[in-house]
Amino acid sequence: MMGKNVSVTKDTLVPEVQKLAEAKARFITATCLDLGDQFQVYYSFDQDLQEVDLQLMVGKDEEVPSITGQYLCALLIENEMKELFGMKVKDIAIDFGGKMLLTDTSPQLPMVKAVKKSGEDQKGGE
Amino acid sequence: MAPRTIAPFGPQHPVLPEPLQLKIGYEDEKVVEVVPAIGYCHRGVEKAGELNEFPKNVFLVERICGICSFIHALCYCMGVEELMKLEVPERAKYLRVVYSELSRVHSHLLWLGLLADAFGFESLFMEFWRVREKVLDLMEMTSGDRVIMSSCTIGGVRRDISPEQAKEIEKTLAWVRNQYNRLAPVVLNDYTVKKRTVGVGVVTKEQAVALGCVGPTLRGSGVNQDLRQTGYAVYKELGFEPITADGGDSYSRAVVRAKETYQAIDLTLEALAKMPAGEILNKPKGNPQGETVMRVEQPRGELFYYLKGDGSRNLERLRVRTPTYANIPSLLVMLPGSQMADVPVITLSIDPCISCTER
Amino acid sequence: MRMLPNIVRNVFLSPATRKYPFVVREPFVGSRGKILFKAENCTCCGSCARRCPAAAIVVDKEARKLTFKVAHCIICEACIEACPKKDIVLDFKWRAPFYDKPMEVYNCPPKEEKGKEA
């Protein structure tokens, strides 16, 4: 079951997170989805075992501010979103520069949905 | 001013059982700064979850981690059952609780052994693992495999426990409790163990919540939060209360895990006694549609799954957040200020599981 | 010194390990050892190949052959549950290690004629 859903934009993201930090909420994680022309990001927080989600829609070229100023624990997931999806996040507290999980020889931006060519068959269970 | 040395701890180290790297800055044997680095075990499970058909994902997801593999499968199956609006029979819910609590017993016995190994107490390490072997034998007898149980499936469980097997489980768990009664006081009350763990790696209550800690790391700092309080599967009928400890140091975390082992043995025996007769599987029909979030309690903390289905055989998005992912930033606060010889003990006290973290 | 009673006890007890390979424990009933294909009643329907999560079974309907890649198999029993003729069996004894990856090829019985002649 999804928790309470609050829509934010990239300008109102940091004030909303600041309000949750003052209410002593615990940061759970952030989930990024690729919708084709934009990214949809859910920031999930926990308040006494009740879930609160902040939903952010952002274009593929826009820059998103980092929330590591309020929640230091978000640095791992923001680095991962930057590496695997190519989402632009600025001012992360410790920035690994795209080298945290992937190397130079691995496939780049693996989680972005590839454009389906016609007639291509997907093998199940490799 | 003392000169600063930067030495790496990991990814290969005799005392560290996980491939995690911590670049530690020392000033004369005192830790001053820490930078973590992960990425030695990344397998791309979230991407593979989109390429597989959704029933085959159960086998993928339970191989993310070996110690807590049943609970990964449980969380995934509960998420898909919610997307497909599928009801699970009562007996299957009780069986899922039995297997989850057996996983918790063997995971905590493993951790207690590794803690003893971290400060060189090898004979205690071997004693805990000798007791753990009987629990693994129980898992093989009932579900077929010692480590990757493959018992949970969408709609219920695959194998039933017969009355003879239930008697064998009760007899073995009585033996385990007997042996554990001799070994737990060594961890909880021994003078040398306390000297190495009390006051080492302290996290206060406000820091624990602000850093996003979960599981025994959070409960060892006095915060009364455990996902089993929400009552998924049949925890509401079994009457469950979380265990906390004040102090926020490695000793409190060890106390929480040692007491949770007793509680897990009690919960297993209670679930076996109260199990009703009936079916164990409700066959699924159709495809998952919609999005949902499912959270359960692993031995190491809170596990978070986000699933999105679009009506086809493949899921659109599978997101997994494991408890060690949330506990690693707490090392940035625990390690500075401690001595060099305490670094393995502090790193082990959060119970790291890097194959869960990296997926 | 809470460990001292345990140490004194352990001096007088027998070892906790078995002398493997001279003493071998019998596997439990239901233990996941290896998958055996009998191929006596196989109709080459392909259900096992569709359900296998590791893509370890390849069914060729025209040539009536079933190829099983042993090294890919994760012994999950999905094929055993899928087979409508109950032709696949679980063996409890664990499989021995191998040096090169074996592929087992089975010949399925030929197709029955539709409509029996009187």
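Among the elements of chain A in this predicted model, strand S1 (residues 4-8) has the lowest mean pLDDT, at 83, while strand S2 (residues 26-34) has the highest, at 89. Over the whole of chain A the average pLDDT is 81, and 89% of the residues score at least 70. One stretch calls for a more careful reading: across residues 117-126 of chain A, pLDDT stays under 50. For this stretch the model has 15 contacts beyond four places in sequence.

The secondary structure of chain A consists of 2 helices and 6 strands, arranged along the sequence in the pattern β-α-β-β-β-β-α-β. Of the 126 residues in this chain, 46% are buried. Considering contacts in chain A between residues at least 6 apart in sequence, 50% join residues at least 24 apart. The accessible surface of chain A amounts to about 6400 Å², with 50% of that area belonging to carbon and sulfur atoms. A backbone detail in chain A also deserves a look: Asp91(A), in the segment after strand S6 (88-90), has a positive phi of about 65° although it is not a glycine. Asp91(A) counts as exposed because its relative accessibility is 65%, above the 50% cut-off.

Turning to the interior, nonpolar side chains in soluble globular proteins tend to be buried together. In the present model the largest nonpolar core has 93 residues. Those with the most contacts inside this core are Tyr76(B), Phe121(B), Leu124(B), Phe128(B) and Tyr305(B). Helix H4 (residues 90-118) of chain B gives the most to the core, with 16 residues. Apart from this core lies another, of 60 residues, including Leu20(A), Phe85(A), Phe9(B) and Leu218(B). As for Phe121(B), its contacts are with Ala116(B), Val186(B), Val193(B) and Met3(C), when residues up to four places away in sequence are not counted.

On the outside, a nonpolar patch on the surface is formed by Leu4(C), Ile7(C), Val8(C), Val11(C) and Phe12(C), which together have about 510 Å² of accessible area. Within this patch, Ile7(C) is found in helix H1 (residues 4-12) of chain C. Ile7(C) is partly exposed, with a relative accessible area of 41%, and so passes the cut-off of over 30% that patch residues must meet.

Charged pairs offer another view of the assembly. Side chains of opposite charge can pair when their charged atoms come close. Over all chains, the whole structure contains 42 salt bridges. In one of them, the side chains of Arg4(B) and Glu27(B) meet with an N to O distance of 3.4 Å. Arg4(B) lies in the segment before strand S1 (5-9) of chain B and Glu27(B) in strand S2 (residues 21-27) of chain B, so this pair ties together parts that are 23 residues apart in sequence. Both partners are partly exposed, with a relative accessibility of 43% for Arg4(B) and 23% for Glu27(B).

Another salt bridge brings together Arg146(B) and Asp137(B), at 3.9 Å from N to O; here Arg146(B) is partly exposed, with a relative accessible area of 28%. A third example pairs Arg25(C) with Glu140(B), the closest N and O atoms being 3.3 Å apart. This pair crosses between chains, from the loop between H1 and strand S1 (34-37) of chain C, which holds Arg25(C), to helix H5 (residues 122-143) of chain B, which holds Glu140(B). The two ends differ in their surroundings: Arg25(C) counts as partly exposed at 26% relative accessibility, whereas Glu140(B) counts as buried at 9%. Elsewhere, salt bridges that share partners join Glu101(B), Arg104(B), Arg219(B), Asp226(B), Arg228(B), Glu260(B) and Glu297(B) into one network.

Two further backbone details complete the account. In chain C, a cis peptide bond joins Tyr20(C) and Pro21(C), with omega at about 5°, and Pro21(C) is found in the loop between H1 and S1 of that chain. In chain B, Glu29(B) has a positive phi near 75° despite being a residue other than glycine. Glu29(B) sits in the loop between S2 and strand S3 (30-37) of chain B, where Glu29(B) is partly exposed with a relative accessible area of 47%.

Notes
Residues are numbered from 1 along each chain as its sequence is written. Chains are lettered from A and ligands numbered from 1 in the order in which they are written. This is a predicted model: local features need pLDDT of at least 70, side-chain atom pairs count only at pLDDT 80 or more; totals for chains, interfaces and linings use all residues. Side-chain values use heavy atoms; hydrogens and water are left out. Patches are made of residues with over 30% relative accessible area and no salt bridge: like charges are joined within 9 Å, nonpolar side chains (Val, Leu, Ile, Met, Phe, Trp, Tyr) within 5 Å. Accessible areas come from the Shrake-Rupley method with a 1.4 Å probe; for residues, only the protein chains shown count as cover. A salt bridge is a side-chain nitrogen of Lys or Arg within 4 Å of a carboxyl oxygen of Asp or Glu. Helices (H or I, at least four residues) and strands (E, at least two) are DSSP runs, numbered from the N terminus. Buried means under 20% relative accessible area, exposed over 50%, partly exposed in between (1.4 Å probe, protein chains only). A nonpolar core is a set of buried Ala, Val, Leu, Ile, Met, Phe, Trp, Tyr and Cys residues joined through side-chain atoms within 4.5 Å. Contact means heavy atoms within 4.5 Å. pLDDT is the predictor's confidence in each residue, from 0 to 100.
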